[in-house]
Amino acid sequence: MVWIVIVAVVVLLAVMIVVVRLTHHDAPPGPGGAPRGARGAGGPGGAPDGPGAPTPVALATASTGNINVRIPALGTVTPLATVTVRTQISGILQKVAFTEGQLVHQGELLAQIDPRPYEAAVRQMEGNLRRDQALLADAKLDLKRYDSLVKEDSIAVQQLDTQRSLVDQYEGNIESDQGQLQTARVNLIYSRIVSPVTGRVGLRQVDQGNYVTPGDANGIVVINQVQPITVIFPIPEDNVPALTRRVGAGGALEVDAYDRAMSVKLAQGRLLTLDNQIDATTGTVKLRAQFDNADGALFPNQFVNVQLLQETLTKQVIMPTVAVRRGAPNGVVGTFAYVVKADDTVEVRPITLGIVDGERAAVSSGLAAGERVVTEGGDRLREGAKVTVPQGGASTPGAAARAPTSPSDGRHPHLSGVPPAAPPAHP
């Protein structure tokens, strides 16, 4: 029985092979005489896919220009001033005049403490002052009389001296009264708690109706000055000498703040100052940059990515960073680029990179201004490969070619940002 099963399987496989071969031989030819489904110069989308056909690529032209040298860092948003508002006198908190999260201005009323005890103290001090002023005036009149009587030898000189001491005593009392009156008036002013800076208030620490004292640890509210605001960030100590030279020369260094993903620019400011020492544990020095923060994009204690513009290099050969490749094609180890020559063939060119600034890279050697480099489609290239050149020449420096696609330009539609056309319907 086993051999019968084996024979049946062999016969079935032979029949399937014959059917497949007959199907391929009998397939009707496609457009141009090629078997239907075969790939060639007339494949879908009109792209030349046959052996030796040009490879569609996107190009950019290297140019001469300026490039920025930036120092990246991670910074913390820090207010220019953080003030804990506390009462300087004791009393009942009669009124809270701010709303949590409100932006207040310097001198604006924040809270009111019951002023009546301090108004009474002012009136008491004013009464004491007037009483002592009257006593002093009377003592001065007696002193004047005693002086005349001493000249007439009517009274003893000792009585004149005693009266003169009494006048000095009253004058001292008046000075003390004036000081006490000034203190009472200051305490009355302190019953109105005003904002010491312009900033944003936080959460209220005490409610209306509570008895507050200067010893309260949390105070009444915390105010952060957020316009302008600063960012503190560290940089390596190796960058300090060049940076101090720029700061010493009076240059205003530009600082940009980005979000965590480095995708959104939050604010642009300037370097304010450097710390006076290097942190020995990290080998960095702290810097402070100031931002206007008119739109409130920076928030206290927020972590941001910082880009410090150290200097701008001029007359650099610049190419897009997407054209930079790394590997070992044709024995070229390291960094290279696919350079398109005048005959539209590709050359594997070793290059030495300089400063990289975002999507632009400076080339120290290996590339000249005006040469074309491949930005897209390089994974299918090799030394001497033929490529299709975008109509109208290379794209602008720093960007991939985005020329409009036409049926005669011979480029692959995917590289131009235009979706591929549907293949023509077969008759």
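The following legends describe close-up views of a predicted model of one protein chain.

**View 1. The protein chain as a whole, a fold of 4 helices and 23 strands.** In this predicted model, the protein chain has 427 residues, of which 35% are buried. Among contacts between residues at least 6 apart in sequence, 72% join residues that are at least 24 apart. The chain exposes about 24,700 Å², and carbon and sulfur atoms supply 55% of that area. Across the whole structure, a search finds 14 salt bridges, some of which appear in the views below.

**View 2. Helices α2 and α3, whose buried residues pack against the partner helix.** Helix α2 has 36 residues and reaches 53 Å from its first C-alpha to its last, close to the 52 Å expected at 1.5 Å a residue. Helix α3, spanning residues 157–190, has 34 residues and reaches 50 Å between its first and last C-alpha atoms, close to the 50 Å expected at the same rise of 1.5 Å a residue. The buried residues of α2 include Tyr118, Val122, Met125, Asn128 and Leu129, and also Asp132, Leu136, Ala139, Asp142 and Leu143, and the buried residues of this helix pack against α3. On the side of α3, the buried residues are Leu160, Gln163, Val167, Tyr170, Ile174, Asp177, Leu181 and Ala184, and these pack against α2, residues 116–151. Just after α2, Asp153 takes a positive phi of about 60 degrees.

**View 3. The salt bridge between Arg131 and Asp132.** The closest N and O atoms of Arg131 and Asp132 are 3.3 Å apart. Arg131 has a relative accessible area of 49% and is therefore partly exposed, whereas Asp132 counts as buried because its relative accessibility is 5%. Asp132 is also listed among the buried residues of α2.

**View 4. The salt bridges Arg204 to Asp207 and Arg349 to Glu347.** In the pair formed by Arg204 and Asp207, the closest N and O atoms are 3.0 Å apart; Arg204 is partly exposed at a relative accessible area of 34%, and Asp207 is partly exposed at 43%. In the pair formed by Arg349 and Glu347, the closest N and O atoms are 3.1 Å apart. Arg349, at 16% relative accessibility, counts as buried because the cut-off for that class is under 20%, while Glu347, at 22%, counts as partly exposed.

**View 5. A network of salt bridges linking Arg70, Asp256, Lys265 and Asp357.** Arg70 lies within the residue range of β3 (63–79), Asp256 within that of β13 (254–258) and Lys265 within that of β14 (265–274), and each of these strands supplies at least two residues of the largest nonpolar core, which is the subject of the next view.

**View 6. The largest nonpolar core, with Phe233, Phe291 and Leu298 touching the most other members.** This core has 24 residues, and at least two of them come from each of β3 (63–79), β12 (229–236), α4 (240–248), β13 (254–258), β14 (265–274), β15 (284–291) and β16 (303–320). Not counting residues up to four places away in sequence, Phe291 touches Pro228, Ile229, Val231, Val255, Ala257, Ala267, Gln268, Gly269 and Leu298. Apart from this core lies another, of 18 residues, and among them are Ile89, Val212, Ile220 and Ile223.

**View 7. A nonpolar surface patch made by Val9, Leu12, Leu13 and Met16.** The patch covers about 390 Å². One of its members, Leu12, is placed in helix α1, which spans residues 2–25, and Leu12 counts as exposed because its relative accessibility is 54%, the cut-off for that class being over 50%.

**View 8. Val333 in the loop between β17 and β18.** The loop that holds Val333 runs between β17 (325–327) and β18 (334–340), and Val333 is exposed, with a relative accessible area of 72%. Leaving aside neighbours within four places in sequence, Val333 is in contact with Gly327 and Ala328. Val333 and Pro350 are 17 residues apart in sequence, and their C-alpha atoms are 8.1 Å apart in space.

Note on methods
Residues numbered from 1 in each chain as written. Predicted model: local features only at pLDDT ≥ 70, side-chain atom pairs only at ≥ 80, totals over all residues. Heavy atoms only, no water. Patch = residues over 30% accessible without salt bridge, like charges linked within 9 Å, V, L, I, M, F, W, Y side chains within 5 Å. Areas by Shrake-Rupley, 256 points an atom, 1.4 Å probe, with all protein chains shown as cover. Salt bridge = Lys/Arg side-chain N within 4 Å of Asp/Glu carboxyl O. Buried < 20%, exposed > 50% of the residue type's maximum accessible area, 1.4 Å probe, protein only. Expected span 1.5 Å × (residues − 1). Contact = heavy atoms within 4.5 Å. Core = buried A, V, L, I, M, F, W, Y, C linked by side-chain atoms within 4.5 Å.
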